[in-house]
Amino acid sequence: MSNRLSRIYTRSGDKGQTGLADGSRLPKYHPRIEALGDVDELNSLLGCALAERDDRDPLLCLLRRVQNDLFDLGGELAVNSPDYTVMTAEVVEWLEAELDRMNETLPPLKEFILPGGSREAAQLHLARTVCRRAERRLVELADAETVNPQAVAYLNRLSDLLFVAARCLNREDNRGDILWQPRSPSGKG
């Protein structure tokens with residue numbers, strides 16, 4: 001594989017625009033660029049959550065695949081062509097199967113849970129919220145431009161998978177779920 005980046009800085013973004021893979025330029029606040037940034041932030045958060053896991057750990061292997069998928073999704077957004085799609089129904093189905101497999105190991109939820117527990121679980125909860133933001137940005141972009149619907153579905157399932165993965169990590173750490181303790185309403189009407 002040849003070197004793709006010979007120089008890290010280009011100075012081409014200094015005036016508030018950034019380039020897409022086709023050479024076109026968009027303002028850095030454009031919904032497409034916002035979605036790309038959220039997908040990149042999500043990928044970085046997953047890297048933080050995985051930093052101390054063993055290379056043979058099944059969750060690390062699963063989420064490394066997800067990180068590659070997110071890079072592919074970023075590529076789709078950067079190419080900006082309805083003819084270029086990497087996120088397919090098969091990729092979404094794979095994620096659903098992994099989600100179902102992980103969820104089978106957990107007790108059913110009877111209450112809402114709070115983000116937290118172990119450090120890794122808390123990081124996955126944070127990644128889940130960024131995933132939801134990325135999904136919202138993609139939906140916003142889809143209102144104005146053509147967006148691969150499988151990309152939206154992927155982010156939707158991924159946020160669920162991250163929720164379940166956080167629960168699994170807390171269980172693995174003998175912490176269990178942190179249940180929401182709602183306040184009683186002070187009055188009615």
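In this predicted model, Trp 180 is partly exposed, with a relative accessible area of 42%. This residue takes part in an aromatic pair with Phe 112, whose ring centre lies 5.8 Å from that of Trp 180. A pair of aromatic rings is described by the distance of the centres and the angle of the planes. Here the planes meet at 70°, so the arrangement is edge-to-face, the cut-off for that class being an angle over 60 degrees. The count of aromatic pairs comes to one. Phe 112 is located in the loop between helix H3 (89-103) and H4, whereas Trp 180 belongs to the segment after H5; the pair therefore ties together parts that are 68 residues apart in sequence. Phe 112 itself is exposed, at a relative accessible area of 63%.

The segment after H5 also contains Asn 174. The phi angle of Asn 174 is near 55°, a positive value in a residue other than glycine. With a relative accessibility of 73%, Asn 174 counts as exposed, because the exposed class begins over 50%. A phi near 55°, again positive in a residue other than glycine, is found at Asn 80. Asn 80 is placed in the loop between H2 and H3 and is partly exposed, its relative accessible area being 30%.

Helix H4 spans residues 119-144 and comprises 26 residues. From its first C-alpha to its last, H4 reaches 38 Å, close to the 38 Å expected at 1.5 Å a residue. The buried residues of H4 include the nonpolar side chains of Ala 121, Leu 124, Val 130 and Leu 138. His 125, Arg 128 and Glu 135 are also among the buried residues of this helix. An α-helix has 3.6 residues a turn, so residues three or four places apart point the same way. The buried set of H4 contains, for example, Ala 127, Cys 131, Ala 134 and Leu 141. The elements that cover the buried residues of H4 include H1, H2 and helix H5 (149-172).

Helices H1 and H2 also contribute to the largest pocket, which has a volume of about 510 Å³. Of the 18 residues that line this pocket, Leu 36, Phe 71, Gly 74, Gly 75 and Ala 78 are the closest to its centre. At least two lining residues are supplied by each of strand E1 (17-19), helix H1 (31-50) and helix H2 (58-79). By residue class, the lining is made up of 10 nonpolar, six polar and two charged residues.

Methods
Residues are numbered from 1 along each chain as its sequence is written. This is a predicted model: local features need pLDDT of at least 70, side-chain atom pairs count only at pLDDT 80 or more; totals for chains, interfaces and linings use all residues. Side-chain values use heavy atoms; hydrogens and water are left out. On a 1 Å grid over the protein atoms alone, a cavity is a set of points where a 1.4 Å probe fits but cannot get out, and a pocket is an open set with protein on both sides within 12 Å along at least five of seven lines; lining residues have an atom within 4 Å of a point. Grid points are joined across faces, edges and corners, and a volume is the space filled by probe spheres set on the points. Helices (H or I, at least four residues) and strands (E, at least two) are DSSP runs, numbered from the N terminus. The expected span of a helix is 1.5 Å times one less than its number of residues. Buried means under 20% relative accessible area, exposed over 50%, partly exposed in between (1.4 Å probe, protein chains only). Contact means heavy atoms within 4.5 Å. Rings of Phe, Tyr and Trp (its six-membered ring) pair if their centres lie within 6.5 Å; planes under 30 degrees apart count as stacked, over 60 as edge-to-face and the rest as tilted.
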